[in-house]
Amino acid sequence: MPDSFMRMLSEMTGKMNPETILSSLIRINTTNPPGNETAAAQFLHGLFSQAGIHCEILEGAKGRGNFLAQLGSDDPAAPRLLFLSHLDVVPPGNGWSFEPFAGDIQQGCVRGRGALDCKDMVAAEAAAMLALAQLHRDSPLRGKLIFAAVADEERGGRNGIQYLIRQHRSRIEADFVVNEGAEDPLRLGNEVFYFIQTGEKGLAWSTLRARGRTAHGSQPSLGSNAILTMSRALDRIGRYRPEVVLIPEVRRLLKTLADRRGWQEPLNPQNLDRFLSTWEDRGFAASLESMTRMTISPNMIKGGLKTNVVPDLCEVSADIRVLPGQDREYALGQLQQCAGNRIEIDMPTFHPPSFTASDTPYYRIMEQAISQVCSSASGKPRVICLPMLSTGATDSRFLRQAGFLCYGAEVLAPDFPPDIRLTIHGADERIDINSLHYFTGFFFQLARLYLG
Ligand SMILES: [Zn+2]
């Protein structure tokens, strides 16, 4: 990012630069459950009120505050952009080498739970909006910028985004939404790839049940062992080779990466896995693999009552993720087919996949903002933006279902330290200040391009 741009930003935000905001937010413990996001919303409310920005706190339940702010024109015909992020965090767990809620700044990083998910985004969006408010004090924005830092993302969003969509939709209505959910930038030689999330896989959590007949453990042939029936089904599930499907956005992503790596053949479902096996970065290859097929992962098992009793019941919980275009029936059908007809299947939880096309002016403006902020004067590394599909889920799924156009962004510095990404939802979570500045610069630039 050009130095002059960063200087302008830090002057405009003064003491309220993104790292200061982030460290204050981390110090407010919003572990969900219980959440207590209202405390963090109140902190933002103080900051925004002081800057003269219209803002409010809407509680989905007691203590579950959602912070909303808006800047610019109220004209319904004017362009509207929504910056989304969430205030709650997952429990810190063990293994930290520093205090998870100290929010200290050490070795160029802001440290603590939420530094990457997703208080960094809250801080970047807040700092960008505060900077815009200063810059546009005398010449108002052409359109409206809305900022929503919501509650309860980590546990299904009922008191957060779902509540806002249901009860306060008019307050968050926008032409498009920018949220979390993209992969980290990827450095390949003289190029750096930034990803724009255009969709999320759907989730189909299932229970598989094998039934049998009890008997004395000393005479097993008198019974029918449900654990053995299940183990045969699990063996088939383990060998399941799902159909490879390349949705257009993922095809474009893969094609670009394959070209860069000098892959000679045209990429297709038949040779895709061979291509993926050439990647050294196994984490990224696993992510690409999951973007191109339904996955079934049996993750919990229980069965049996006693060592001397043949079990008559064995149950398995499986995490299944489906691609855009694959519905509940498809997932059930595939699962039944490989588990076999002796297995009963329930699918108590199904969240459909969600998707926003990339051939929109909004997507292009996202690309433009990323390129402008992340390109250096020397032109190296060259910045390239690519669409992607998330294998996990964010609040964007609820918004897309309600008809919103959503994109996910993760605009870290081109040379961000890769080891910090492993700390997301883990111990020693932290973000480098440089990346936080890039992220802030991206939001600032995006709003200027679309609403300035
Ligand atoms: Zn998050």
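Colleague: Is Gln107 buried or exposed in this model?
Modeller: First, this is a predicted model, where local features need pLDDT of at least 70, side-chain atom pairs count only at pLDDT 80 or more, and totals for chains, interfaces and linings use all residues. Residues are numbered from 1 along each chain as its sequence is written. A residue is buried if 20 or more other C-beta atoms (placed from the backbone) lie within 10 Å of its own, exposed if 12 or fewer, and partly exposed in between. Gln107 has 9 C-beta neighbours inside 10 Å, so Gln107 is exposed.

Colleague: And Asp152, buried or exposed?
Modeller: Asp152 sits in the loop between strand 6 and helix 5; helices (H or I, at least four residues) and strands (E, at least two) are DSSP runs, numbered from the N terminus. Because 26 other C-beta atoms lie within 10 Å, Asp152 is buried.

Colleague: What is the phi of Asp152 near?
Modeller: Asp152 isn't a glycine, yet its phi is positive. The value is near 65°.

Colleague: Which residue is joined to Asn32 by a cis peptide bond?
Modeller: Omega is about 0° for that bond. The partner lies in the loop between helix 2 and helix 3. That residue is Pro33.

Colleague: What span should helix 14 have?
Modeller: Helix 14 covers residues 433–451, which is 19 residues. The expected span is 1.5 Å times one less than the number of residues. The end C-alpha atoms are 27 Å apart, and that agrees because the expected span is 27 Å.

Colleague: How many of the residues of helix 14 are buried?
Modeller: Helix 14 is mostly covered. Of its 19 residues, the buried ones number 15.

Colleague: At what angle do helix 12 and helix 14 cross, roughly?
Modeller: Here axes are lines fitted to C-alpha atoms, for helices over the stretch in contact, and angles run from 0 to 180 degrees between N-to-C directions. The axes of helix 12 (residues 361–374) and helix 14 come within 9 Å, and the angle is roughly 130°.

Colleague: Why is helix 12 called oblique to helix 14, and what does oblique exclude?
Modeller: The crossing angle is roughly 130°, and that makes helix 12 oblique to helix 14. Angles under 35 degrees count as roughly parallel, over 145 as roughly antiparallel, 65 to 115 as roughly perpendicular, and the rest as oblique.

Colleague: How far apart are the C-alpha atoms of Ser139 and Arg328?
Modeller: Ser139 is in the loop between helix 4 and strand 6. Along the chain, Ser139 and Arg328 are 189 residues apart. In space, their C-alpha atoms are separated by 51 Å.
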